[in-house]
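Thanks, everyone. I'll take a sheet, then some helices, and keep it brief. Please have the structure open in front of you.

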Amino acid sequence: MERSARRIAARSSYSIFSDSRMLDRIPRYLVPFHPKRVPHRFADVLVIGGGLAGLRAALAVPGNQSVLVITKSSLRQSNSSYAQGGIAGVIDPEDRFEDHIADTLSAGAGLCDTDVVEMVVREAPARIHELIDWGTNFDQESGGLALGREGGHSHHRIVHALGDATGKEVMRAVIDRTCALENVETWENAFTLDLLTHENRCRGALVWSAEHGMALVWAKQTILCTGGTGQIYRETTNPEVATGDGLAIAFRAGAELRDMEFMQFHPTVLYIAGSSRSLITEAMRGEGARLVDRNGERFMDEYDPRGELAPRDVVSRAIVTQMERTRHPNVYLDLSHLDAATVRARFPGIASTCAEFGLDIARDWIPVRPGAHYMIGGVTVDIEGRTTLDGLWAAGECTSSGLHGANRLASNSLLEGLVFGAHAGAAAARVAATIDDDFRAVPLVNPPLEEGVESLDLADIRNSLKSAMWRSAGVRRDREHLLEAAESIDRWCGYVLARQFSDADGWELQNMLTVARLVIEAALEREETRGVHLRTDFPAADDARWKHRISYRREG
């Protein structure tokens, strides 16, 4: 059962979404535009996002329909490309669909949609073999697919490529296939500012790109595949492009968002002062890596009988607790007891990254700590990827599909992007085919606002936001610190959202503030601990009150 956004807002002490004064500061459109002053583009299907979900959606559209793919950076810059672990699927004859389903439901802590879980798990082998048919070179072992195991899985069922660079290899094959299609056009380095809506229906998007400038892109159907929002946190595995743009534009357009309190923190992120935070794949623990503290003590068995192979939320909490106990900024991964040649061959990418800092992964302890990794919440979609806004579909990390519940099982993310990308692309194409070919632009106008007098240090606000989110809505949360973060974000929203910026730095900050405030609001509302959401002031799960989803939709 889900509560309406209005009822939730009425109960919360700090709800910017029920406060008309704050709503006034959340503009419907970020920038001014006039249909007579910008060029117009038309497509049967518009795909916003060039990661795995977006390209799989584009591949599902028949060749007689035009597809325009808009990607914020290059096609190779997405969370999909950085995925290390692999794709989960029942490949081993000794494995069973029922076991993969049970593992997913267990990790989801009571909030998974069982129909969605069953659909995704049963489609997994076909989607994996589809990638192989398209040229993906998964790692082999004894004449078949090499299968790894990660936390929360009861069997070896993770296919991987290039050792620890699965996303890179999968995206190479999918990009090559997409670029060979004559009906698909791609705009790289293009920022989607907002969805265009008219009469409660999505009509396309307002897009800025270096090559095309500002453009009104009209589409019969639009598919949102914009990925995650890890950049709202100081510590994150996500690339710079993951600023939650898709969630913010969907919210401004009136689509429902759900599960926004559930940000998954990956327990093992390389922690070296001054370096970017690099993901250390869970597959390392699947291969036998041990977690030790500064004293060399192996500690995971104290927190969970599954040890290092416990689900990510359990491991992240254990690491944070152990860091506090030892008064040390990190813990360590130890692989020194494993065969050195095997370790270096299995994890060549991580070995190369660590070597830059003088670390030999087969011999030295690897310093790690948790970081924001995967946004479980997002735009509400049904089993076909349909959102609550007519004409808008969505797939991948920007959605709340019901697959992950309150905690995502390792290596189910690329799988979700494949399955829902295929479903959303095919369904959107079917609807687009029923719309008259002579569809037209609608007279939408957004007037300019008076420019602010004071200049803003956007980088400083952005860094302050990321720090506030890490302190107050990180692995652990409580009401006092969430309210402090809400107060700070409300203040920043008050003068940042009221402006119309002319470049991506400003647009990203506005989106990050909007999404961060939604995360804070949902985390305040859920007064229990469930999955990745840990409230230290409500340390137990409360099924009687909270075994349901929290959703938000902008009124009006």
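Start with the open sheet, which has four strands in the order β14-β17-β16-β15, paired antiparallel. Keep in mind that this is a predicted model. Which strands stand at the edges? They are β14 and β15, the latter covering 290-292. Each has a single partner strand, so one side of each is left without a neighbour in the sheet. On average, and ignoring direction, neighbouring strands here are turned by 45° against each other.

Look at β14 a little longer. This strand covers residues 263-270, and its partner β17 covers residues 366-375. The two run antiparallel and are joined by six bridges. One place to find the pairing on your screen is M263, which stands opposite M375 in β17. Is β14 mostly covered or mostly open? Mostly covered: eight of its eight residues are buried. So β14 lacks a neighbour in the sheet on one side, and yet its residues are buried.

Now the helices, beginning with α15 and α16. Helix α15 is residues 458-472, and α16 is residues 479-496. Their axes come within 9 Å and cross at roughly 160°. That angle is over 145°, which makes α15 roughly antiparallel to α16. The crossing of α15 past α16 is left-handed. From α15, the contact uses I461, S464, L465, A468, M469 and S472. On the α16 side, the residues are H481, L482, A485, I489, W492, Y495 and V496.

Next, α16 against α17, where α17 is residues 504-525. How far apart are these axes? They are 10 Å apart, and the packing angle is about 150°. By that angle, α16 is roughly antiparallel to α17. Here too the crossing is left-handed, with α16 passing α17. The α16 residues that meet α17 include R479, L483, A486, D490 and C493. Among those they meet in α17 are L509, Q510, L513, A516, R517 and I520. L482, A485, I489, W492 and V496 of α16 are in the contact with α17, and they are also in the contact with α15.

Last, helix α7, residues 166-179. Does its length fit a regular rise, and what is the span? At 1.5 Å a residue, its 14 residues should span 20 Å, and the end C-alpha atoms are 20 Å apart, which agrees. Its buried residues are T166, G167, E169, V170, M171, A173, V174, I175 and T178.

That's what I have.

Methods. Residues numbered from 1 in each chain as written. Predicted model: local features only at pLDDT ≥ 70, side-chain atom pairs only at ≥ 80, totals over all residues. Heavy atoms only, no water. Expected span 1.5 Å × (residues − 1). Buried < 20%, exposed > 50% of the residue type's maximum accessible area, 1.4 Å probe, protein only. Pairing = 2+ DSSP bridges. Axes fitted to C-alpha atoms, helices over the stretch in contact; angles between N-to-C directions. Parallel < 35°, antiparallel > 145°, perpendicular 65-115°, else oblique. Left-handed = near helix turned anticlockwise from the far one by under 90°. Contact = heavy atoms within 4.5 Å.
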